[in-house]
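This report describes a predicted model. It covers a charged surface patch and then the aromatic pairs.

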Amino acid sequence: MERFEGRCWLDWWANSSTVLGSVKVAIVIAAVTGDWEADGRLVSASDEDREAFAFLCELDPVFTLRFEDGSVLAVTVQPTDRHRRFTLTEYTGPVQQAVVNRIALQANRT
């Protein structure tokens, strides 16, 4: 494969059995000297989809890139253009990783 251009999904897994989010993307993957480069864009132009994608990227940028034939590849997403476009690199870290997200709550004082 020297070049792939098509539609895929970026899936964000909360754990090994729960997909927390999935977004349809258009991507281009090109072979370059023993490696590959990939970039793409969200298919949906809605603010809601972009905001959900941005939230997941900020939580943890590791997604599963799922092709139409069902094959998958773990990737790290580097968003650009206010989370409308992105580049991808292969994720080579541990299969499972801890994600810590804290929400600061303040008491309503009246």
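## Negative surface patch

Strand E3, residues 35-42, supplies the largest share of the negative patch, with three residues. The patch is formed by Asp-35, Glu-37, Asp-39 and Glu-90.

Asp-35 has its place in strand E3. The relative accessible area of Asp-35 is 49%. Asp-35 is classed as partly exposed because exposed residues must have over 50% relative accessible area and buried ones under 20%.

## Aromatic pair of Phe-4 and Phe-67

Three aromatic pairs are found when the whole structure is searched. In one of them, Phe-4 and Phe-67 meet edge-to-face, with 5.5 Å centre to centre and 80° between the planes. Phe-4 belongs to strand E1 (residues 3-15), while Phe-67 sits in the loop between strand E4 (62-66) and strand E5 (72-80), so this pair ties together parts that are 63 residues apart in sequence.

The two rings fall on either side of the cut-off for burial, which is under 20% relative accessible area. Phe-4 has 25% relative accessibility and therefore counts as partly exposed. Phe-67 has 17% and so counts as buried.

## Aromatic pair of Phe-53 and Phe-63

Phe-53 and Phe-63 form a tilted aromatic pair, 5.7 Å centre to centre and with 45° between the planes. Phe-53 lies in helix H1 (residues 47-59) and Phe-63 in strand E4, so the pair ties together parts that are 10 residues apart in sequence.

Both Phe-53 and Phe-63 are buried. Together with Phe-86, they form one aromatic cluster.

Key. Residues are numbered from 1 along each chain as its sequence is written. This is a predicted model: local features need pLDDT of at least 70, side-chain atom pairs count only at pLDDT 80 or more; totals for chains, interfaces and linings use all residues. Side-chain values use heavy atoms; hydrogens and water are left out. Patches are made of residues with over 30% relative accessible area and no salt bridge: like charges are joined within 9 Å, nonpolar side chains (Val, Leu, Ile, Met, Phe, Trp, Tyr) within 5 Å. Accessible areas come from the Shrake-Rupley method with a 1.4 Å probe; for residues, only the protein chains shown count as cover. A salt bridge is a side-chain nitrogen of Lys or Arg within 4 Å of a carboxyl oxygen of Asp or Glu. Lys and Arg count as positive and Asp and Glu as negative; His and the chain ends are not counted. The place of a charge is taken as NZ of Lys, CZ of Arg, CG of Asp or CD of Glu. Helices (H or I, at least four residues) and strands (E, at least two) are DSSP runs, numbered from the N terminus. Buried means under 20% relative accessible area, exposed over 50%, partly exposed in between (1.4 Å probe, protein chains only). Rings of Phe, Tyr and Trp (its six-membered ring) pair if their centres lie within 6.5 Å; planes under 30 degrees apart count as stacked, over 60 as edge-to-face and the rest as tilted.
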